[in-house]
Every structure is written in structure tokens, then in C-alpha cells.
Amino acid sequence: MRRETRNLLFIFFGSIVAVVAVIVGIEFVGNAGVASSVDNPTSFRIGPDTAKVKVVEFSDYQCPACKSIEPHVKTLMATYGDRVQFVYRNFPLPQHKNALAAALAAEAAGAQGKFWRMHDRLFETQESWANLADPTEYFLLIGREALVDTDQLRDALAKQTYLAKVRADMADGNRVGIQGTPTFFVNGAQVVLRQPKDLDDAITKSLAAP
């Protein structure tokens, strides 16, 4: 009887340990999933894959706050150089009627190797196209300035060629609970952005981590 009781206790406590291990494992995998899902290998980026810190931004070309923080992001990238990689992901908000078209234009330019040129021009000219009934011709104009083949750009916009890619960005953003733009992640952890310095502090902390 004593041996049977002892065996039952071993089985009981062994089961508890196994359950705890599974719970911890699920939590770890869940956290890892969130961290990995904020990036996408097909997203456009600046900086090497070997960078110690990865900054992922979910952004909307028609969002005034996104435009406002752009100069700060550029300053950070210049400051940290190869120690930081910056990844841009699309998250056009439904209340911004031309944001999706802008994201499609940037992705189309990216297919021609001109993503960052188009990205910059879209933000720089935001007020000029944000309220247009149809921004296509304006996107072609700034696409020409960004040295994009405008015939290819027109065709991509008409066919919404890169809609699936933009929607994949949006799906990842929704999965991690993004409520607005811009939203930044530093090494997989979301930054609570009350002021631009919060992003600086998150990067500095990650660079100092062992």
C-alpha cells in the first residue's frame, strides 16, 4: 500500500510539473510569437540584419503624427548607424481615405527599388494629396520626382498589385493590438510613445542590454 501510495504521489506531482511546464512553454511561445510577428522579411528596412536593435514602425502615410515623427526617426537612424535596423510596416487607418492608396504607391515604388524615395515624398506632400477625391495623378507626379517608372506605378495602383502585402502588415498590426499610428516596437517590445524621447530611451536601453 505504501509503495502504491508513493507511486501515486509521484504520478500526481509529476503531472503538476508537466502541466506547469506546458503553461510556461505556451506563455514563452506566445510572447515569442508576438515579438516575431511585428516584423516581416519582405518589409522595407534600413540598417543591417546584424544590428543589435530592431525598430519596427507601423505607420500611416496620411497620419499627421506619423509625418511629425519622421524627422526624429531619421535623426535616430543617423545617430545609431549600423547598431539599429529600422523596419517600416503599413497600417493605413480607415478614417484616412487615401492612406491605403498611398501605401500601395509606396510598395509599388519599392518594387522598382525606390521605396524610401517614395516614402519620403508621400510624407513631405501629405497635405497636398490627403483630401483629394482620387490621389492617383498626384502619386504619379511625386513618383516621377522619386524616379519611379510611372507607367508601372499607374498599372500597380489600378490593379492594387500590392494589396495583399499591405493587408498582411495590417493583419500583423491587428494581431498585436495596435490602436493607432505611429506604433513602434523595439526588439519586439511595444514602446509607450508619449513623446519622441520615449523611443530614444527604448533604443538606448536595448543597446545597453547584455
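**Exercise 1. In which sense do β1 and strand β3 pair, and over how many bridges?**

Solution. In this predicted model, β1 and strand β3, which spans residues 84–90, pair in the antiparallel sense over two bridges. The residue partners can then be located one by one: Arg45 stands opposite Val87 in β3, while Ile46 has Phe86 of β3 as its bridge partner.

**Exercise 2. Determine how β2 pairs with β3, and describe the path of the chain between these two strands.**

Solution. Begin with the sense of pairing, which for β2 and β3 is parallel and extends over seven bridges. One opposing pair is formed by Phe58 and Arg89, the latter lying in β3. Next, follow the chain, which leaves β2, passes through helix α2 (residues 64–80) and arrives at β3, making a β-α-β crossover that is right-handed.

**Exercise 3. Place these pairings in the whole sheet: what is the strand order, and which strands are at the edges?**

Solution. The sheet is open, has five strands and follows the order β1-β3-β2-β4-β5, with mixed pairing. Its edge strands are β1 (45–46) and β5 (189–190), each of which pairs on one side only.

**Exercise 4. Assign the buried residues of β3 to its two sides, and name a helix that lies across this strand.**

Solution. Start from the strand as a whole, in which seven of seven residues are buried. In a regular strand the side chains alternate between the two faces of the sheet. For β3, one side carries Val84, Phe86, Tyr88 and Asn90, the other carries Gln85, Val87 and Arg89, and both faces are covered. Helix α4 (residues 115–124) lies across β1, β2 (53–59) and β3, and runs at about 65 degrees to β3.

**Exercise 5. Which residues of helix α6 are buried, and what covers them?**

Solution. Within α6 (residues 136–145), the buried residues are Phe139, Leu140, Ile142 and Gly143. Their cover includes α3 (99–110), α4, α5 (126–129) and α7 (150–159). Just after α6 comes Leu147, which takes a positive phi of about 65 degrees.

**Exercise 6. Check the span of helix α8 against the value expected at 1.5 Å a residue, and then describe its burial.**

Solution. Helix α8 (residues 163–175) has 13 residues, and the expected span is 1.5 Å times one less than that number, so the helix should span 18 Å. The end C-alpha atoms are 18 Å apart, which agrees with the expectation. The buried residues in α8 are Leu163, Val166, Asp169, Asp172 and Gly173. Following α8 is Gly177, with a positive phi near 80 degrees.

Technical notes: Residues are numbered from 1 along each chain as its sequence is written. This is a predicted model: local features need pLDDT of at least 70, side-chain atom pairs count only at pLDDT 80 or more; totals for chains, interfaces and linings use all residues. Side-chain values use heavy atoms; hydrogens and water are left out. Two strands pair if DSSP finds at least two bridges between them. Helices (H or I, at least four residues) and strands (E, at least two) are DSSP runs, numbered from the N terminus. Contact means heavy atoms within 4.5 Å. Axes are lines fitted to C-alpha atoms, for helices over the stretch in contact, and angles run from 0 to 180 degrees between N-to-C directions. Buried means under 20% relative accessible area, exposed over 50%, partly exposed in between (1.4 Å probe, protein chains only). A crossover is right-handed if, with the strands pointing away from the viewer, the path from the first strand over the helix to the second runs clockwise.
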